[in-house]
Amino acid sequence: MNSALYHCRVMHHRLRPKVHRFAYGVFYLWLDLDELDALSARLRGFKRNRWSLFSFYDSDHIVKDSRTAKANVLQTMQEAGVNTAKITRVMLLTFPRVLGYIFNPVCFYYAFDAAGDPVAAVAEVTNTFHEQKPYVLTEFEAEHDRFRLVTPKHFYVSPFFGLELKFDFKLRLPGEKLEIHVDDQDGDERALITTLTGERREMTDASLLAAFFKYPLVTLRVIFLIHWHALRLWMKGLHVYRKADQPELQREVYRPHRSILPTKP
């Protein structure tokens with residue numbers, strides 16, 4: 001099977017207007033979207049679309065015209081101009097639900113053709129309002145073995161950054177090692193550096209159980225850390241940008257919050 005898991009370290013380093021840095025350990029599942037049912041049948045600790053220690057629900061990801069995550073992400077790529085006819089395999093790097101709870105700040109899809117060559121990638125970003133936005137990457141830098149995209153965010157992620165910033169995605173193809181960079185750019189300068197690095201492990205009931213105890217309630221911990229560090233930044237006196245202030249800069253958002261929906265007359 002192609003599916004696996006990664007023991008990871010996430011690092012956030014804010015450079016402006018005030019320096020703030022922290023890091024923490026997590027684990028991610030590396031899932032072949034064609035193997036989900038087989039994994040669900042083989043593993044006691046992982047199930048598809050039903051409760052378990054770890055679960056994968058297709059509906060936790062961007063939903064379009066299909067009930068499956070693979071079909072929905074292929075439609076997302078196709079709408080962005082990707083020739084999806086040659087894609088035979090889609091891998092997803094994601095948090096699972098843990099004891100039924102999910103918060104997934106960002107997950108990453110990688111699409112490959114029959115020869116195993118990379119075709120496209122998608123970064124699916126989720127904010128604390130449970131809105132989602134996909135960013136489709138088609139430029140592959142073979143010399144760095146990675147997809148690259150610099151694009152306007154047009155998405156409300158942090159209350160301490162304005163919406164005029166850009167994302168700089170650098171997504172290396174996962175192998176034995178994992179290395180992903182997602183930076184925030186203010187003009188031509190970096191405002192926030194985010195890295196995700198990790199090491200691959202076989203996905204078994206034993207490795208899932210070990211990850212559960214090494215990173216207990218990881219999805220709940222992530223949402224707690226987001227709010228904890230938001231409090232610390234607020235105490236440092238950073239300006240707060242309200243979500244409702246610039247709805248015109250929040251575009252192509254799935255599950256939009258009422259703050260950006262048109263008001264009824």
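This is a short walk through one structure, from its sheet to its helices to its salt bridges. Please keep in mind that the model is predicted.

Let's start with the sheet. It is open and has 11 strands. The order is 9-8-7-5-2-1-14-13-12-11-10, and the pairing is antiparallel. Which strands stand at the edges? They are strand 9, residues 132-137, and strand 10, residues 140-141. Each has a single partner strand, so one side of each is left without a neighbour in the sheet.

Take the strand 9 edge. Strand 8, residues 118-126, pairs with strand 9 in the antiparallel sense, over 6 bridges. To find the place on screen, look for threonine 126, which stands opposite glutamine 132 in strand 9.

A helix sits on this part. Helix 2, residues 69-79, packs on the sheet. Helix 2 touches strand 5, strand 7, strand 8 and strand 9. Its direction makes about 105° with that of strand 5.

Now helix 3, residues 205-214. This helix also packs on the sheet, touching strand 1, strand 2 and strand 14. The direction of helix 3 makes about 25° with that of strand 1. Which residues of helix 3 are buried? Ser207, Leu208, Ala211 and Phe212. They cover an arc of only 145° around the axis, so they lie on the same side of helix 3. Turn to the other side, and Ala206, Phe213 and Lys214 are exposed. What covers the buried residues? The cover includes strand 1, strand 2, strand 3, strand 4, strand 6 and strand 14.

Back to the sheet, and to strand 5, residues 87-94. Here 6 of the 8 residues are buried, so strand 5 is largely enclosed by the rest of the structure. Look at its partners. Strand 2 and strand 5 pair in the antiparallel sense over 4 bridges. Leucine 29 has threonine 94 in strand 5 as its bridge partner. Then comes strand 7, joined to strand 5 by 6 bridges and running antiparallel to it. There, methionine 91 has tyrosine 110 in strand 7 as its bridge partner.

On to charges. How many salt bridges does the count give? It comes to 20.

Here is one of them. Arginine 16 forms a salt bridge with glutamate 189, with the closest N and O atoms 2.2 Å apart. Arginine 16 lies in the loop between strand 1 and strand 2, and glutamate 189 in strand 14, so the pair ties together parts that are 173 residues apart in sequence. Arginine 16 is partly exposed, at 28% relative accessible area. Glutamate 189 is partly exposed as well, at 45%.

Next pair: arginine 148 and aspartate 168, at 2.7 Å from N to O. Arginine 148 is in strand 11 and aspartate 168 in strand 12, 20 residues apart. Are these two buried or exposed? Arginine 148 is partly exposed, with a relative accessible area of 21%. Aspartate 168 is buried, at 3%. The cut-off matters here: buried means under 20%, so arginine 148 at 21% does not count as buried.

Both residues belong to a network of salt bridges. The network links Glu141, Arg146, Arg148, Asp168, Lys170, Asp183 and Arg190.

One last pair. Glutamate 199 and arginine 201 meet in a salt bridge, at 3.6 Å from N to O. Glutamate 199 is partly exposed, at 36%. Arginine 201 is partly exposed too, at 37%.

That's the tour.

Terms used
Residues are numbered from 1 along each chain as its sequence is written. This is a predicted model: local features need pLDDT of at least 70, side-chain atom pairs count only at pLDDT 80 or more; totals for chains, interfaces and linings use all residues. Side-chain values use heavy atoms; hydrogens and water are left out. A salt bridge is a side-chain nitrogen of Lys or Arg within 4 Å of a carboxyl oxygen of Asp or Glu. Helices (H or I, at least four residues) and strands (E, at least two) are DSSP runs, numbered from the N terminus. Buried means under 20% relative accessible area, exposed over 50%, partly exposed in between (1.4 Å probe, protein chains only). Two strands pair if DSSP finds at least two bridges between them. Contact means heavy atoms within 4.5 Å. Axes are lines fitted to C-alpha atoms, for helices over the stretch in contact, and angles run from 0 to 180 degrees between N-to-C directions. The arc is that of the directions from the helix axis to the C-beta atoms.
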